[in-house]
Amino acid sequence: MRFLSILFFFLVSFFGYTQVTITGVISDVNGLPLRDTHVHIANKTTATDANGNYVLSGIPKGKQKLYISYIGYKPIYEIQDISTDMIVNRQLKLDVTKLDDVVIQQVANSKSESSNEQILKSKTIEKFSNQTLGDALKEVSGVSILKTGSTIVKPVINGLHSNRVPIINNNVRLEDQQWGTEHAPNFDINAAGKITVIKGASALQYGGDAIGGIVVIEPELIKKDTLVGKTILNLASNGMGGSLSSSIQKGNRFGWSWNALGTLKYLGDRETPDYVLSNSGNREQNFSGSIRFAKEKYNFNAMYSFYNAQIGIIKASHIGNVNDLYNSINNQQPSYIAPFTYTIAAPKQEVQHHIAKINYQRWLNDNTSLDLQYAFQLNNRLEFDVRRTSTNTDKAALDLQLATHTFLADYKTSVGNWKLKSGINLGYQNNFANPKTGVRPLIPSYDKLDTGLYGIAVYKFNNATSLESGLRYDFSTIEATKYYIKSRWTERGYDAEFSHFIVGEEGNQWLTKPTFNYHNVAANIGWRKQFHHEMEWLVNISLASRNPNPSELFSDGLHHSTGQIELGDLRLKKEQAYKFNTTFKKDWKSLSVQVNPFINRISNFMYLQPIGFETTIRGAFPVWEYKQTEALLTGFDVNAKWTISNHFLHESSLAYVNGQNLSTNVYLIDMPPFVWNNKVQYKNESWFHLVAELKSELVFRQNQVPNYNFETNIIVNNALTPVLIDISSAPKGYHLLHFYSEMTFEINKKNSLTTSFSIQNIANTTYRDYLNRQRFFVDEMGRNVQIQLKFNY
Amino acid sequence: MKNLKLIALLVIPTLFTISCNNDDDNTPVNEEEVITTVTTTLTGGGQTITLTSRDLDGEGPEEPTVTVSGDLVAGRTYTGSTTFLNELANPVDDITAEVEEEGDEHQVFYQLVSSLGTVTYDSENVDVDGRPIGLQFTLVAGTAASTGNLTVTLRHDLNKAATGVAAGNITNAGGSTDVEVVFPIVVVD
């Protein structure tokens, strides 16, 4: 009893006597008061009055967080030791680049209310100026990368990639032949100002087929009347080259504003710790520019971008037949090593992507806007192979030209506690497979029409609780023109089912016009709840549908760039995913933790499975077939951030995916292994804004693999011998250490120079990665020392 | 003014769609890379043995048809030659000449266990660097009756200077495989 009364007394004193009042004035650097500035101390918030004054009472004593922000100014975030009533006056500095961030949040709101959005800001993106979009996205926990060599990098979200992860660039859905695992996103990372990753299909305005997730890229926009420039120079030791990217931007809130960006990249052969990765160089020449005219009630935007890349494919990965594959797997040594060179020979890819768009946005009233957009994309992919005849060496073995037109209309409004978004899209796509290559293309010429209609409603119960729901309908029709070898047509069993597609005959081939229609529904419901200020809970359930892509439907032979026979299936049905996604966020004083478990149940999941081999006159080739199964993906991503002191920070992230093939009761192929990343950062603003980071990347061996090994005969000691081709086992786990440091020198008020020095793979570790298509042939890149100079002017 | 802009926005896409509508090119691909037929002829002691592997659906699912016209006689010396055809092309494309012309980038290999026989390249059939191409060769059948396989391989873009390659050893050759066919052969006493 006595104990209880002490406790009672203690509690009373805690609540009654340890609370104080903070007052102060918030102004800009010239001392002019800022009205309606957001002031947040501990769990109390308020806004300043016309004279910049604020009063916050009931603040508990002790170390408390203080956050002050005002649109267009750099926010102040600090820890205050509060023991008595205090006066806290602060001056806010103008933030040129930050403006758009806040504005977007205000007008367009987040992409999805109830999904956990993870955002990469320009500061992080700039670190990857010399690399690719995929490399930058890997910074987000739960995002891994699927690689072909070291330069073709695709993002994998919660175990899924390619057509399951649409990439939205500047409000245009990237149509760059994303069906291929060796087709990297055709995008210059330097053009991104902000990248948002949504791990689910909840952003219905962009499409109903984001079974894995969605990547939304937005450019940097300045809404202040100013002219700023930025130049980034990168030099890398591995590849003995670098990149130069320069942009200039004229900002304006109203009236005209514009920007232009150019990037050049030039790198030669990469190296592993032990040998040169022959023919792994790459080049890029990119340009983009946009112009904008804005008035109070409307704005008009026009944009054009051009991506032009030449990418070498490691020569040792170009295999003839199963014999070469067996030797590669067993020798663990590439079959071709030559001295370092900048020259890129066959096999290689030459890819060009154009985007042109015009956009018109009109404010019908303070809360309602209408957006109209037309975008045209032209993608040309040339793949050069090692050809049998030297006269063909300069002729592409694959030449696909994909043209996409899209028209969007989006309507947004908010009424009371409701926020509504709805829109339509119309799309027409034409693919042209050039027959003059002398090689049968796996992807046929086709025409595709898409229409979509969506509506999203968000209801805010209060500041802390909101409910979101959306519905989307898509209709899509595709008509292809394809020649099938008659024996393949029969072997696939198409005679009975699809004979009505046959329209002609040419030698040993059928000319067919397969046509398919799809009606898809996507839906989403989600909930966001904030408990106090330190804890937040998000739940999202979504239904997404994805149609089979051209490679899943139509592939019918040897894929020259992979040395395998790939067989599509005209019978494939659309795949449907039900994803449950929840996020818990909890903030303590110096620690914040985010846990994001998910369950993704996918019906008719399409995947490529090795099924054996076929003998041709060139020997035996492994055969991979597109199959459909019932799949279950479960996993979690964890993030933790620990602010140890003013100078030290520790970040940790974990990601785990378990993929089950329910129909055959085995694991799903190509699922990312368990990853644990840790980063320690030291920061000292007073030493030229010094930042130094040491990062550890621990990747465990993927033991959850299906066994698709097969037996074949190869020649050993001049006699045919049966051997087992082990294409299933994953490589060993690995641990890498990376270092990054930077310093910023302010030359004057407007100009600054940031220099950074980084080392990737410090220990020069030899390793192979399960999600690299070239893991059968070569090791991963060794140590890479990079220097970056960034001028802001 | 405002309406004009809206109309322009709606009309431009339509124009683009019409102008960009591709000329539907329905011509089939003329497959230049395919080899459909490999023939190795062995002549000796009044005997002509023809070994043929034919795959008329190219990369299609059908296996090549392999025929061997007769048995080898133990100890006998045969003069051999190999030809490559693309019978899918019209007219039929003789690829042998191509291999010969670009001899420095090609080589034919013959693999069989020594009890079946041994192969040596014809010293006349060489490339510009004096290295064997392998279209002509001599096969000496094994001394006793046996059965086994003869594997004929055509490689291109290989390292012809590598150890053993000039003597017909494929181990260090590298390059990429254009042809790899297996003929079952019988040596009789």
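Author: Quick definition before we start: a strand here is a DSSP run of E with at least two residues, numbered from the N terminus. Keep in mind that this is a predicted model.

Reader: OK, strand S8 of chain B then. Which residues make up its covered face?

Author: S8 of chain B spans residues 117–121, and its residues split between two faces. Thr118(B) and Thr120(B) sit on the uncovered one. That leaves the covered face to Gly117(B), Val119(B) and Tyr121(B).

Reader: How many bridges join S8(B) to strand S9 of chain B?

Author: S9 of chain B covers residues 136–141, and S8(B) and S9(B) run antiparallel. Within that pairing, Gly117(B) has Ala141(B) as its bridge partner. As for the bridges between S8(B) and S9(B), there are five.

Reader: Over to chain A. Which strands are at the edges of the sheet?

Author: It's an open sheet of four strands, paired antiparallel, in the order S3-S2-S5-S6. An edge strand pairs on one side only, and that goes for strands 44–47 and 76–82 of chain A. Those are S3 and S6.

Reader: And which residue stands opposite Ile41(A)?

Author: Strand S2 of chain A (residues 38–41) pairs with S3(A) in the antiparallel sense, over four bridges. The residue in S3(A) that faces Ile41(A) is Lys44(A).

Reader: Zooming out, how many Å separate the centres of domain 1 and domain 2 of chain A?

Author: Domain 1 takes in 2–92 of chain A, while domain 2 comes in two pieces, 107–356 and 365–792. Taking the centres over C-alpha atoms, the separation is 44 Å.

Key:
Residues are numbered from 1 along each chain as its sequence is written. Chains are lettered from A and ligands numbered from 1 in the order in which they are written. This is a predicted model: local features need pLDDT of at least 70, side-chain atom pairs count only at pLDDT 80 or more; totals for chains, interfaces and linings use all residues. A residue is buried if 20 or more other C-beta atoms lie within 10 Å of its own, exposed if 12 or fewer, and partly exposed in between; C-beta atoms are placed from the backbone. Two strands pair if DSSP finds at least two bridges between them. Domain bounds come from an automatic or database domain assignment.
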